[in-house]
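Biologist: I would like a close look at a single part of this protein, with its surroundings described as carefully as the model allows. Please take one residue as the starting point and work outwards from there.

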Amino acid sequence: MKKNRKEYRNHPTETRVQNHRYKKRHIWAWVTGTVALVAVVATAAYFASVYFKAKNAVDKTYDPHTAVKTTGEFNGKKRFAVLLMGTDTGALNRTEKRGRTDTMILAVVNHYTLFSIPRDTMAQMVGSEETFRTEKINAAYEIGGARMAMDSVSELINVPIKYYAVVNMGGIMKMIRYVGGINIRPTLSFEYGGYVFEKGKLTHMGGAGALAYSRMRYDDPKGDYGRQERQRQVIVTLIKKAVSISSLANLDSILTSVSSNVRTNLPFSALQQIAMNYRNCANSSSSDYLHGYNAEIKDAAYQIQPTSELQRISDLVRSELGLEKEVVQNNETFQNEQNEANGFSFKSGKTQHYHIYDYTGEGDN
């Protein structure tokens, strides 16, 4: 009986210990759950903050004056073209200083193909008040903004262009400082602006160094084509670094730079869809460019595109876009016909004088 009473006396004590342990486990589980919930909420709030900061910055880059409908267009299956332009003026919200676009690249997205258009290419300024006004293609943005640039390139090679993005090459270099610089293997060895670049050697570049690397033109055997290649290299490397985890600490500065130095008629929703549905297209890419001939128009140096070259690029771009080929017939093909009839030869290795004719067949000089 005593043993039983002892057991009976010990039972309440064991129950209190068990209850105490249970309460401790319960409190610990509650604390852990609360901390986990706070962590989840904080993480969600952080990414929501990043999302809205990004949306706010991208919304500032949006150009409503050239807006077009984009419903269902970026589903990962349809192909589309974007005219990429690089200018080297002040911030792009200063429209009175748009500047010329020294880099013009038509990007066809699905299979990722880049078609470079030389800055000195002779082209009609489509939309100008002067009938058949002819200038260098890089003047279109300065004269009539993004609309004239898109329309002039579209008319030049007979392809539809609805979308564009323009980047201020000078201002965008500020972003390189915000991301801590970029690492690039130069495509050739040269010295420019006090900086020395060695071909193939991995080089860390700050903003000024990257700007010097992307600006040099005359010492490049490829001329403007080589400069465009280096500019694409800088931009692609910068984008990869800007979206990396290491750059999140400077997110505000990066987004501020984007909003000040980029303009596009692609809204934030469209850019989201493109990023989601076409992110793998860069794994299979190619490039080409218009091969022109040096000539002089009123003592100014131009690149004249032969009709055969305009047709070649038109066929390639239309094929990439899934469109049927069409014969290119425009102001440039007319000028070529008139000039060849009057002795101009695209087979000559000399720099020749090129006339601009009106439809009466009379030259301008």
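Modeller: In this predicted model, a convenient starting point is Thr-121, which touches Glu-135, Lys-136, Ile-137, Leu-156, Gln-303 and Gln-305 when residues up to four places away in sequence are not counted. Thr-121 belongs to the loop between β3 (112-116) and β4, and with a relative accessible area of 0% it falls under the 20% limit, so it is classed as buried. Within that loop region, the side chain of Thr-121 also reaches the backbone oxygen of Pro-118, at 2.9 Å.

The residues just before Thr-121 bring in charged partners. Asp-120 forms a salt bridge with Arg-217, with the closest N and O atoms 3.2 Å apart; this pair links distant parts of the chain, since Asp-120 sits in the loop between β3 and β4 while Arg-217 sits in the loop between α4 (207-215) and α5 (224-242), 97 residues apart. Both Asp-120 and Arg-217 are buried. Arg-119, for its part, meets the side chain of Asp-102 in a salt bridge of 3.1 Å, N to O, and here too distant parts of the chain are linked, with Asp-102 in strand β2 and Arg-119 in the loop between β3 and β4, 17 residues apart. The two ends of that pair can be set side by side: Arg-119 is buried, with a relative accessible area of 15%, whereas Asp-102 is partly exposed, at 22%.

The loop that holds Arg-217 has a further salt bridge, between Asp-220 and Arg-230, whose closest N and O atoms are 3.0 Å apart. Asp-220 lies in the loop between α4 and α5 and Arg-230 in helix α5, so this pair ties together parts that are 10 residues apart in sequence. Asp-220 and Arg-230 are both buried. Salt bridges that share partners join Asp-102, Arg-119, Asp-120, Lys-136 and Arg-217 into one network, and Lys-136 is also one of the residues touched by Thr-121. The search of the whole structure finds 14 salt bridges.

From Asp-102 one can follow strand β2 (residues 101-109) to strand β1, to which it is joined in the antiparallel sense by eight bridges; one of the pairings there sets Val-82 against Ala-107. β1 also pairs with strand β6 (residues 163-168), this time in the parallel sense and over six bridges, and Gly-86 stands opposite Val-167 in β6. Seven of the eight residues of β1 (residues 80-87) are buried, so this strand is largely enclosed by the rest of the structure.

Helix α9 (residues 331-341) can be added to the picture, because eight of its 11 residues are buried and it is thus largely enclosed by the rest of the structure. Its buried residues pack against β4 (122-124), β5 (134-136), α2 (140-157), β14 (300-304) and α8 (307-320). At the N-terminal end of α9, Asn-330 acts as a cap, with a side-chain oxygen 3.0 Å from the backbone nitrogen of Glu-332, and just after the helix Gly-343 takes a positive phi of about 105 degrees.

As to confidence, the mean pLDDT of the protein is 81, with 76% of its residues reaching 70 or more. Among the elements, α8 has the highest mean pLDDT (96) and helix α1 (residues 2-61) the lowest (59).

Definitions and conventions: Residues numbered from 1 in each chain as written. Predicted model: local features only at pLDDT ≥ 70, side-chain atom pairs only at ≥ 80, totals over all residues. Heavy atoms only, no water. Buried < 20%, exposed > 50% of the residue type's maximum accessible area, 1.4 Å probe, protein only. Helix = DSSP H or I, 4+ residues; strand = E, 2+ residues; numbered from the N terminus. Pairing = 2+ DSSP bridges. Contact = heavy atoms within 4.5 Å. Polar contact = N/O pair within 3.5 Å; in protein donor to acceptor, adjacent residues only side chain to side chain. pLDDT = per-residue confidence, 0-100. Salt bridge = Lys/Arg side-chain N within 4 Å of Asp/Glu carboxyl O.
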